[in-house]
Amino acid sequence: MKKLRAAIIGCGNIFTMHVTPVLHRSDTELVAVCDIKKDRADKAAAKSGCKAYYDYEQMITEVKPDIVHVCLPHYLHPVASKFAIEHGVNVLCEKPIAIDYKSGEENVALAAKKGVNYGVIFQCRYNDASQLVKKTLMSGELGKIISARSALTWYRPDNYYDNSDWKGTWEKEGGGVIIDQAIHSMDLVNWFVASEPVSVDAHFANRGHKIMEVEDSAEGLITYRNGVRYAFWAMNNYGCDEPIEIRLLCEKGKVVLTYDDAWITFADGRELHVHQSADNLVYENGKDYWGFQHVKQINDFYRSVLEKRAPEISAAEALKIQKIVCAFYESGRTGKPVNL
C-alpha cells in the first residue's frame, strides 16, 4: 500500500509531539520538515531522516505531501493552513485555528471546497478522564448538566515571554492565558455541554508581568442555549503549574475532572474513577502540561485521510471554541457582555 507522505512546518517546542507519532506510523513517510531558522530545520531533518526546508511554500510546492502539520506561532496558523489547503494538502494544525474567527471560518470553507481534511489539535479530548466523562454524559447516567466551572492556576514567568519572538503579543499570539493555556479546559467544557453558547461576559488583566501586552488573569461566565452557566477562572501568576480542575453539577451527580483523573459521584451513591494510562512513546523535551494524547488525534486524522471521512476533531469543530475565545476578548475589551 502506498504510504502517506507527511511534512511538518515549524520545528520549535511542540514539534516533538507531532514528529514522534508520525515516525512511529508504519503507513506514513515523513518527507520534509520546515523552519525559517536554518539550524533548527537542519537538526530536525537530520534526526528525522528527511529533507530540510526553510520556506514552507517551497516545501509544499516541491514535495507535494499528502498531509502537512502546522506547528507555527498562532498568527501564522491560518496563513500556512490556507496555502496548504489551496494546494490540495490535508492540514492538521496546532491550536488555535487562528487569532481571529473570520480567517478560520474562511479556511474551513476553503477546505470543504477543495475536498481536503482540515483538523485542529485539541488533544485533551482524548485523555482517559475526558473520555469517561463524555461517555457518561452521553449515556444519560448523569442527566443534564446544570452548571460548570473550571480553574487554571499556572506559572509563566517573564522570561517565558522574553525568550519568544511572538508570545505575549496581541499581534502574534492573539492573547495570553486564555488563548494559549485555558483554551483546552474551556474546549472540554464546551464539548461536554454540547449546546450553543449564547453570551460571554468576561474580564481580563495583566497583573503580574512587565514585558508582555496580553492578559495573565481572566474570569467570566458563558451562558448556553440549554440553560447551562459555565464560570471560568484562569491565571498564570501562581508559583507552579497546578492541575487544571473542571467541575460539573448534573441532575444525577457531580463530576470532578483534571487532565489525569476523573471522579464521578452519582446521586444514588455510585462512584466512578479513572486515572490516565501510560503512553509508550517517548517525546524529546516534551512538557507534562501538553499531555501525551497528540498521538491519538494524529492517528485519527491519518485514518480519516485514508478512509476518506471527516476527522473526529475537524477545524469546523474547532471554530466552536474559537467563537467563544474571540467573544471573551471582545467582552474583556469593551467591558460588556457579548451575545453570540
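This passage describes the strands, helices, aromatic contacts and unusual backbone positions of a predicted model.

The description begins with the parallel sheet. Six strands make up an open sheet, arranged in the order β3-β2-β1-β4-β5-β6, with parallel pairing. Its edges are formed by β3 (51-53) and β6 (118-120), each of which pairs on one side only. On average, and with direction ignored, neighbouring strands of this sheet are turned by 20° against each other. Within the sheet, strand β4 (residues 67-70) runs parallel to strand β5 (residues 90-93), and four bridges join the two. Val68 has Val91 of β5 as its bridge partner. Helix α4 (residues 77-86) packs on the sheet, where it touches β1 (4-9), β4, β5 and β6. The direction of α4 makes about 165° with that of β5.

Helix α4 is mostly covered, with seven of its ten residues buried. These buried residues are His77, Pro78, Ala80, Ser81, Phe83, Ala84 and Ile85. Their cover includes the strands β1, β4, β5 and β6 together with the helices α3 (56-63) and α5 (102-114). Just after α4, Gly88 adopts a positive phi of about 75°. Further along the chain, Lys95 and Pro96 are joined by a cis peptide bond with an omega of about -10°. Pro96 belongs to the loop between β5 and α5.

Helix α2 (residues 38-48) has a buried side and an exposed side. Ala41, Ala44, Ala45 and Ser48 are its buried residues. Viewed down the axis of α2, the buried residues fall within an arc of 100°, and they therefore line one face of the helix. A general property of helices is relevant here: an α-helix has 3.6 residues a turn, so residues three or four places apart point the same way. The partners against which the buried residues of α2 pack are α1 (15-23), β2 (28-34) and β3. On the face turned away from the buried side, α2 carries the exposed residues Asp39, Lys43, Ala46 and Lys47. The residue that follows α2 is Gly49, with a positive phi near 70°.

Antiparallel pairing is found among strands β12, β13 and β14. Strand β12 (residues 253-257) and strand β13 (residues 261-266) run antiparallel and are joined by five bridges. In this pairing, Val255 is matched with Ile264 of β13. The two strands form a hairpin, with three residues between β12 and β13. Strand β13 also pairs with strand β14 (residues 271-275), again in the antiparallel sense and over five bridges. Here the bridge partner of Ala262 is Val274 in β14. β13 and β14 likewise form a hairpin, with four residues between them, and Gly269 in the turn has a positive phi of about 100°.

Aromatic contacts were examined next. Ten aromatic pairs are found in a search of the whole structure. One of them joins Tyr160 and Tyr161 in an edge-to-face arrangement, with 4.9 Å from centre to centre and 85° between the planes. Tyr161 counts as buried, at 4% relative accessibility. Another edge-to-face pair is formed by Trp170 and Tyr329, with 5.5 Å from centre to centre and 90° between the planes. Trp170 lies in the loop between α7 (158-162) and α8 (177-193), whereas Tyr329 lies in helix α10 (residues 315-334), so the pair ties together parts that are 159 residues apart in sequence. Trp170 is partly exposed, with a relative accessible area of 25%, while Tyr329 is buried at 4%. Trp170 and Tyr329 also belong to one aromatic cluster with Phe204, Tyr230, Phe232 and Phe328.

Charged side chains accompany two of these rings. The charged end of Arg156 sits over the ring of Tyr160, 5.2 Å from the ring centre. Similarly, the ring of Trp170 has the charged end of Arg333 over it, 4.7 Å from the ring centre.

Positive phi values also occur at residues other than glycine. Ala194 has a positive phi of about 55° although it is not a glycine. Ala194 is placed in the loop between α8 and β8 (197-205) and counts as exposed at 59% relative accessibility. Lys308, likewise not a glycine, has a positive phi of about 55°. Lys308 occupies the loop between α9 (294-307) and α10 and is exposed, with a relative accessible area of 76%.

How values were computed. Residues are numbered from 1 along each chain as its sequence is written. This is a predicted model: local features need pLDDT of at least 70, side-chain atom pairs count only at pLDDT 80 or more; totals for chains, interfaces and linings use all residues. Side-chain values use heavy atoms; hydrogens and water are left out. Rings of Phe, Tyr and Trp (its six-membered ring) pair if their centres lie within 6.5 Å; planes under 30 degrees apart count as stacked, over 60 as edge-to-face and the rest as tilted. Buried means under 20% relative accessible area, exposed over 50%, partly exposed in between (1.4 Å probe, protein chains only). A charge sits over a ring if NZ of Lys or CZ of Arg is within 6 Å of the ring centre and within 35 degrees of the ring normal. Two strands pair if DSSP finds at least two bridges between them. Axes are lines fitted to C-alpha atoms, for helices over the stretch in contact, and angles run from 0 to 180 degrees between N-to-C directions. Contact means heavy atoms within 4.5 Å. The arc is that of the directions from the helix axis to the C-beta atoms.
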